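User: I would like to go through the wording used for this structure and ask, term by term, what each label rests on.

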Amino acid sequence: LIEAYSSCEEGSSVRVWALPFQGWVKTSLLQEQEVSQEYGLVVDKLQQRLYVFKDGELFSTLLCSTGYPKAGAPWNETPAGEYLLVSWTGGFWSDGGLFCDMGLRVNSGILLHEVPCIIRTDENTGAETRDYGRCERYLGEKASHGCIRVQKELTPEGVNMKWLWDNLPRKPYVKIIIWDEI
């Protein structure tokens, strides 16, 4: 018996988003995965914080933004649950010409990534600049399409999204708990 939250994407024939459900899975279909004992992550959707644990102790706290569901886009809700970081997918373009760097895949549709930016290229020199102002101001509140946006500024412990990208192990997988209860 498994319990989970529905995690439908836009265009899905399923019309129930982010609601709990139960179901049965054949034991033969389950896979056992080794999980990192050094690092773990907790996303608190109520506080909009990402907590980084190292060796079972709180190591650093970062601002984040999880999904902002709207009447016309309920699938934007970041699903709560217990997941593994399964791949380092890198940067990608999002709506409105925003670039999201350092994407870490959490499940089929959710990524943990740096707060989005607008990339500008100087026509004369080709130099690239990144403007984070549009999205950075919303860190600490719901603002994404379902992904978890993470601050680029360093915490007092020297942690930010780049630190997570560079330091979290790819194997064994890191556990991430997305929490939305008091």
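The exchange below sets computed values against the definitions behind them.

User: How do you know what kind of model this is, and which conventions apply?

Analyst: This is a predicted model, in which local features need pLDDT of at least 70 and side-chain atom pairs count only at pLDDT 80 or more, while totals for chains, interfaces and linings use all residues. Residues are numbered from 1 along each chain as its sequence is written, and side-chain values use heavy atoms, with hydrogens and water left out.

User: What makes a stretch of the protein count as a helix or a strand?

Analyst: Both are DSSP runs numbered from the N terminus, a helix being a run of H or I of at least four residues and a strand a run of E of at least two. Under that definition the protein has 2 helices and 13 strands.

User: How do you know whether the radius of gyration agrees with that of a compact globule?

Analyst: The radius is taken over C-alpha atoms, and the globule rule is 2.2 Å times the number of residues to the power 0.38. For 182 residues a compact globule would come near 16 Å, and the protein has 17 Å, so the value agrees. The C-alpha trace spans about 60 × 40 × 30 Å along its principal axes.

User: Why is Asn160 called buried?

Analyst: Buried means under 20% relative accessible area, exposed means over 50%, and partly exposed lies in between, with a 1.4 Å probe and protein chains only. Asn160 has a relative accessible area of 9%, and therefore it is buried. Asn160 is placed in the loop between strand S12 (148-150) and helix H2 (161-167), and across the protein buried residues make up 38% of the 182 residues.

User: What makes the side chain of Asn160 a partner in polar contacts?

Analyst: A polar contact is a pair of N or O atoms within 3.5 Å; within protein, one must be able to donate a hydrogen and the other to accept it, and residues adjacent in sequence count only if both atoms are side-chain atoms. The side chain of Asn160 reaches the backbone oxygen of Lys152 at 2.7 Å, and a polar atom of that side chain lies 3.1 Å from the backbone nitrogen of Lys162.

User: Which residues does Asn160 contact, leaving aside its neighbours within four places in sequence?

Analyst: With contact meaning heavy atoms within 4.5 Å, Asn160 is in contact with Leu62, Gln151, Lys152, Glu153 and Leu154. Over the protein, among contacts with a separation of 6 or more, 54% are between residues 24 or more positions apart.

User: Is Gln151 buried or exposed, and what does its side chain reach?

Analyst: Gln151, found in the loop between S12 and H2, has a relative accessible area of 10%, and so it is buried. Its side chain reaches the backbone nitrogen of Leu63 at 2.7 Å. Leaving aside neighbours within four places in sequence, the contacts of Gln151 include Leu62, Leu139 and Asn160.

User: Why is Thr155 called buried, and why is Thr89 called partly exposed?

Analyst: Thr155 has a relative accessible area of 8% and is therefore buried, whereas Thr89 has 37% and is therefore partly exposed. Thr155 lies in the loop between S12 and H2 and, beyond its neighbours within four places in sequence, is in contact with Ser60, Thr61 and Leu62. Thr89 is found in strand S7 (residues 87-94), and, not counting residues up to four places away in sequence, Thr89 touches Gly103, Leu104, Arg105, Leu111 and Trp165.

User: What makes the backbone at Asp55, Met102 and Pro172 worth a remark?

Analyst: Most residues other than glycine have a negative phi, and most peptide bonds are trans. Asp55, although not a glycine, has a positive phi of about 50°, and phi of Met102 is likewise positive, near 60°. A cis peptide bond with omega of about -5° joins Lys171 and Pro172, and Pro172 is placed in the loop between H2 and strand S13 (173-179).

User: Which of the labels buried and exposed applies to Asp55, and which to Met102?

Analyst: Asp55, in the loop between strand S4 (49-54) and strand S5 (57-65), has a relative accessible area of 55% and is therefore exposed. Met102, in strand S8 (residues 98-105), stands at 9% relative accessibility and so counts as buried.
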